[in-house]
Amino acid sequence: MQDSLQERLRELQEKAKEMGGKDMKRARARVYKSIGKIMSMIEAREQKKEDPSGEDKQGGEEKKQKKPTKSVNVEKTSRVPPEKSQRANKKEEKKRLQFLNKKISLHGQRKQLSKALRFFQTIQDEGLKPTDYSYTSIINAYVRNGDIAGAARMFEEMKSKGIRPNVVTFTTLMKGYCTVGEMGEANKVLEDMSKEGSRISPNIRTINTFLRGCVRTGAVREAVSVFGRMRGEWDVGADDSTVDYVTRLMSQGLMLAEARETLAQHGDLGTGAGQVGLAQMAALVGDVKMSRKALEDFKLVKNRVLARRAEKGAGAGAGAGAGAGAGAGAGVKTKNVEDDDGQVRDREDEDEEDEEEGAGSKAKRASVALFLKHHISELEREATAVEDYLDQLGERAAGAAGAGGIAEQCSKFLLQCYSRTLFMHEIGGQEGMRSGYFNQDARLSWERIFSSSDSSRGASGDRSRRPVRMEICSGSGEWIVEQAKTEQASDWVSLEIRHDRSQQQTVVKMALSKLNNLAVLAGDAKLVLSRRVPTESLSQVLINFPEPPLWSGGDGESTLHLLTADFFRSAHRVLEAGGSLTILSDNSRYIASVLATLADLKDEEGNEPLFVDRRELTADWKRSQVVRDLPLFVGLPGEVCGHFANSGSYFDRLWSNGMHNKRFYIFVHKNATKGEVPDKKKRKNKVQQDQERRVKRSKS
C-alpha cells in the first residue's frame, strides 16, 4: 500500500511540472491538492509504523495530543460517499471545460488560430469531452482566420464524434463560406440544416448571414429565393436587416417593381437602405417619378427609425437603474449594428461577443446608437447625391429630349459605366482575352478600357501617357470617385473584392458623377495585382485604412491579411519607374508594422531596397518614426501622395465620429535600380509632369 502511494505521488508531481502557464492554474491547483492529501496519508502510515501498538511511550498526555488528529482525519476521509466524490469531480471537470471553451472563443475572436487550437487540444489531452460549444468556437476561429477548409474539417469531425451541430454552428460555417464568396457551399449548409439528420430550422441570424453573403457577391436570385421561403417553410419573420438586404439586391438586379412592392409590404421594417437603393437605380435608368417617390419614403423611414432609437435609448436608461436585466431587455431589441459598408446588420452569431462585451451593457448600447446614427448619415449623403442627379435630369428634360429621351440617355451611360467594370473573379486566360480589355499575355490594357467609352479622348494625344492611379480596397468607392472628379488628367482604377461595393456602390457613384476616367475591378487584390496588371503600368498605388490581421493591430494570423511582403513585391512590379505607394491609416501600431515589412524588402541580389524615401519631397513633413530610412508620417497626405481631393471615406467619417482623429501614412517610391529608369536628364520629374498638366488644364 505504501509503495502504491509513493508511486501515485511521483506521478502527480511529474504531472504538476508539465502544467505550466497561467492557463493551467486551476488544473494545477487540483493536482497540488491531491499531492497534499497523499503526503498526509504517507506521513500518517509512517507514524503508525514507528508505534505499532498505538501507545505513546512518553506518557498519556502527549498521546492524547497526537492520536485524535490523525485518526479523525483518516476516519472522515473514509466516510466520504463515492457518489459525492464523483459529483465533485464532475463539477470540477465542467468548470475546467467552461474555462477552456472561453479561451478558444476569445482567441478565435482575436484571429489567433494557433492559440485557440492549443486550448482545443488541451480539452482532449485532459480527457474532457468537447461539447457543441467547443466545436462551434473552434470553427469560428478557423472562419475568422479565413481557413474555411479547416472550419469544414472540424465540422465533419464534430459530426463523426456524435456531437450534434446546433443552429449557431451551422450559421458560423455558413458565414465562412459567405466571407470568401462561395455562395453555393453556403446554400448547401442552409439546405443541410433541414435534412433528416439535423432537423434544425434556420433562425433570423442564419438567414441574414446568408443574405449578407448574397449582398457581398451580388447573388440576387439566391437572395430572393431564400427570402420567399422564410415565412412559409421556416416560420421566420423578417427584420430590419432582412428588408434592407433583399430590397437593395432587387434594385441592384433592376427588379425595381419587386423592390417597391417588398418595401410596401414591410412598411414598418428597414432602416431606409432599401428606399435609397431603389431611388439610385430608378434614377440611373431615367425613371424620375419612381426615384423621387423612393426618396420621399426614405425621409419617412428615417424619421421613424430615429424616433424608435430615441425611445429605446430612453427605455434603456430607465432600465439601467433598475438592474442589468431590465437594461438588456429595453436597450436593444433587434441587436443590429452597422456593417463596414454602411449597411445595418444583425450581430454576428458569436457567443463570445456577449461574454466579452456584456449584452445590453451601457457601452454596447452607446456603440449601437453611434453606428445607427452614422448609418443614417451615410444614407442621407447618398440620397442627396440622387436628388442632385435628378435635378440635372430635370433641366436636361426641360431643354431637350423630354422624359423618353432622358431615360434612353441614362440607360446608355449606365451601360458605359458597367462596360468599365470587370468581375475579375470569373476572368481568366482565354475568356479574359476575348473581353477585348486584355493583352495577349492576359494582362489588362488600360488604354482599351478607358478609350472604350470615351472616343473623344483619342484626339487629345497619346492616351498611354495619361497616369493611371489605382486604389486598392476601395470600399464603396466614395474616396476614389472624388479623386477622379478632381484630377481628370489621370485615369483611376478601383480594386475591391466585394461585389456589393465594387459592382454596385462604386458604379452607382461613378454613374451619378458622370465619370469617364474611372474603371472598377472586382476581385482579390493579391491575384489581380500579380496576374492581371501589366508590369510598370501604374503611376501610383493607394490604400486607405487597410484592415489589420487583428483588430487591435497585433499578431493575428488571418490568411485574409493583404499587406504582406509578397503583395508589396507585386506592387513594386506594377509601378512604373519612380512610381509611388501611399498607405493611410489611423492605427499607428499596425501601420508601423507595415512600414517594417516594406523596409525589409530587397532586390533579388539582396543589395538594394525595393522602396525608398525621396527626401527632396518629404524633407519638411512631420515624421512619427523612421524604420531603416523609411519614414512614417503624421497627418493627411496631399496631392503629391495622390490625395487630390480632401474627401473622407466611409471609415474616415466613422472613426471621426468615434473621436479617432489621428492619421498616419506611408509615402514611398519604387527604387530606381539597374536601368529601370531612363537617363534623368531626358526624363522630367514625375511630380513636375503632373503639375504641368494641371496648369495646362486650368488655362484651357
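Helices are DSSP runs of H or I with at least four residues, numbered from the N terminus, and their axes are lines fitted to C-alpha atoms over the stretch in contact, with angles from 0 to 180 degrees between N-to-C directions. The model here is predicted, so to speak up front: local features need pLDDT of at least 70, side-chain atom pairs count only at pLDDT 80 or more, and totals for chains, interfaces and linings use all residues. Residues are numbered from 1 along each chain as its sequence is written, and side-chain values use heavy atoms, with hydrogens and water left out.

**Exercise 1.** Work out how helix 10 and helix 12 pack.

*Step 1.* Get the geometry: helix 10 (residues 204–217) and helix 12 (residues 240–252) pack at about 25°, with axes 10 Å apart.
*Step 2.* Classify it. Angles under 35 degrees count as roughly parallel, over 145 as roughly antiparallel, 65 to 115 as roughly perpendicular and the rest as oblique, so helix 10 is roughly parallel to helix 12.
*Step 3.* List the contact (heavy atoms within 4.5 Å): I204, N208, L211, R212, C214 and V215 of helix 10 against S241, T242, Y245, V246 and L249 of helix 12.
*Step 4.* Sort those residues: 7 are nonpolar, 3 polar and 1 charged.

**Exercise 2.** Do the same for helix 14 and helix 23.

*Step 1.* Helix 14 (residues 273–284) and helix 23 (residues 499–513) pack at about 50°, their axes 11 Å apart.
*Step 2.* Helix 14 and helix 23 are therefore oblique to each other.
*Step 3.* On the helix 14 side you'll find Q280, M281 and L284, which meet Q504, V508, A511 and L512 in helix 23.
*Step 4.* Sorting this contact gives 5 nonpolar, 2 polar and no charged residues.

**Exercise 3.** Find the residues that touch the most other members of the largest nonpolar core.

*Step 1.* Fix the term: a nonpolar core is a set of buried (under 20% relative accessible area) Ala, Val, Leu, Ile, Met, Phe, Trp, Tyr and Cys residues joined through side-chain atoms within 4.5 Å.
*Step 2.* The largest such core has 95 residues, and I138, F210, L284, W492 and L518 touch the most other members.
*Step 3.* Helix 14 supplies the largest share of this core, 8 residues.
*Step 4.* Zoom in on I138: leaving out residues up to four places away in sequence, I138 touches I104, A116, L117, F120 and M154.
*Step 5.* Don't miss the second, separate core of 47 residues, which includes Y437, L563, L601 and F664.

Terms used
Helices (H or I, at least four residues) and strands (E, at least two) are DSSP runs, numbered from the N terminus. Ala, Val, Leu, Ile, Met, Phe, Trp, Tyr, Cys and Pro count as nonpolar, Asp, Glu, Lys and Arg as charged, and the others, Gly among them, as polar. Buried means under 20% relative accessible area, exposed over 50%, partly exposed in between (1.4 Å probe, protein chains only).
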